[in-house]
Amino acid sequence: MKSLLTALILISCMAFFPKPKKVIFFGDSITQAGAQTGGYIQLMDSICKKEGLGSAFELIGKGIGGNKVTDLYLRLEKDVLAHQPDVVFIYIGINDVWHKAGAGTGTDADKFIQFYQAIIDKIKATGAEIILSTPSVIGEKTDNSNQQDGDLNHYANLIRNLASKNGLALVDLRKAFMNYNELHNKTNADRGILTTDRVHLNAAGNLLVAQEFLAKLKAKK
């Protein structure tokens, strides 16, 4: 009788205090830094706590510097699926474009789509929700003179199409960053508005990503 009563109490507590949603952020060095002090994942956690949502989400960063979509595919099982997440943000594409010019080791569009879709399929099979993100910027000039603007816009469109095709939520960081720079980058600087080095986020950039991601995550609550 006593054990039955204990079990009923535990069940009641579980119903009253639901388990937080496990949210994984899967990406490159931007996500790796996002899990550090001042990073967008840490900011999301702080905002959640201030808004009384501290117990609603468990936020986990799984970013590795230099990663491209193929790298994400290779570590998907260990870094994502093994954790049995409820929600997965996929934020990749910068290095797939950037490394074409710098090291000649970027990712062709066809290969990018193929591996990205394979990642989506594997996560979908677990029942986890997926939120895609377009790549942000490689240079912050607002006159379309950043070297990789054309390619970055193309890959952002590829991700938008993948989101539409698969019925997935999308955070359009490419659009959000461009809109922000149109308002705040009056001198057409190539960095210093949302990034420290044209790519990696400064405080304002981390806050913008945190706000954009959190808005989409709350919609999934």
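This briefing walks through some helix packing and a few loop residues in the structure above. The model is predicted, so please read every value below as computed from it. Three helix pairs come up: α3 with α10, α8 with α9, and α9 with α10. Two packed helices are described by the angle between their axes and the distance between the axes.

**Helix α3 against helix α10**

- Helix α3 covers residues 40-50 and helix α10 covers residues 203-219; their axes lie 8 Å apart at an angle of about 55°.
- That angle makes α3 oblique to α10, because it falls outside the parallel, perpendicular and antiparallel ranges.
- The crossing of α3 over α10 is right-handed.
- On the α3 side, the contact is made by Y40, L43, M44, I47 and C48.
- On the α10 side, N206, L207, V209, A210, F213, L214 and L217 take part.
- Sorted by class, the contact of α3 with α10 has 11 nonpolar residues, one polar residue and no charged residues.

**Helix α9 against helix α10**

- Helix α10 also packs with α9: the two axes come within 11 Å and cross at roughly 135°.
- α9 and α10 are therefore oblique to each other, and their crossing is right-handed.
- From α9, the residues L173, A176, F177 and Y180 meet A204, G205, L208, V209, E212 and F213 of α10.
- This contact of α9 with α10 divides into eight nonpolar residues, one polar and one charged.
- V209 and F213 of α10 appear in the contact with α9, and V209 and F213 are also listed in the contact with α3.

**Helix α8 and its surroundings**

- Helix α8 (residues 149-166) packs with helix α9 (residues 173-184) at about 135°, with the axes 10 Å apart.
- As a result, α8 and α9 are oblique to each other.
- D149, L152, N153, A156 and R160 of α8 meet R174, K175 and M178 of α9.
- Here the class split is three nonpolar, one polar and four charged residues.
- The 18 residues of α8 should span 26 Å at 1.5 Å a residue, and this agrees with the 26 Å between its end C-alpha atoms.
- Buried residues in α8 are D149, L152, Y155, A156, L158, I159, L162, A163 and N166.
- An α-helix has 3.6 residues a turn, so residues three or four places apart point the same way.
- The buried residues of α8 pack against α6 (94-102), α7 (109-124), β4 (129-133), β5 (169-171) and α9.
- After α8 comes G167, which has a positive phi near 65°.

**The loop between α5 and β3**

- L81 sits in the loop between α5 (76-79) and β3 (87-91).
- With a relative accessible area of 15%, L81 is buried, because buried means under 20%.
- Leaving aside residues up to four places away in sequence, L81 touches L76, K122, I123 and T126.
- L81 and N157 are 76 residues apart in sequence, and their C-alpha atoms are 27 Å apart in space.
- Q84 is also found in the loop between α5 and β3.
- Q84 is not a glycine, yet its phi is positive, at about 50°.
- Q84 counts as exposed, at 66% relative accessibility.

**The loop between β4 and α8**

- N144 has its place in the loop between β4 and α8.
- N144 is a residue other than glycine with a positive phi, near 65°.
- Its 56% relative accessibility means that N144 counts as exposed.

Note on methods. Residues are numbered from 1 along each chain as its sequence is written. This is a predicted model: local features need pLDDT of at least 70, side-chain atom pairs count only at pLDDT 80 or more; totals for chains, interfaces and linings use all residues. Side-chain values use heavy atoms; hydrogens and water are left out. Axes are lines fitted to C-alpha atoms, for helices over the stretch in contact, and angles run from 0 to 180 degrees between N-to-C directions. Helices (H or I, at least four residues) and strands (E, at least two) are DSSP runs, numbered from the N terminus. Angles under 35 degrees count as roughly parallel, over 145 as roughly antiparallel, 65 to 115 as roughly perpendicular and the rest as oblique. A crossing is left-handed if the near helix is turned anticlockwise from the far one by less than a right angle, and right-handed if clockwise. Contact means heavy atoms within 4.5 Å. Ala, Val, Leu, Ile, Met, Phe, Trp, Tyr, Cys and Pro count as nonpolar, Asp, Glu, Lys and Arg as charged, and the others, Gly among them, as polar. The expected span of a helix is 1.5 Å times one less than its number of residues. Buried means under 20% relative accessible area, exposed over 50%, partly exposed in between (1.4 Å probe, protein chains only).
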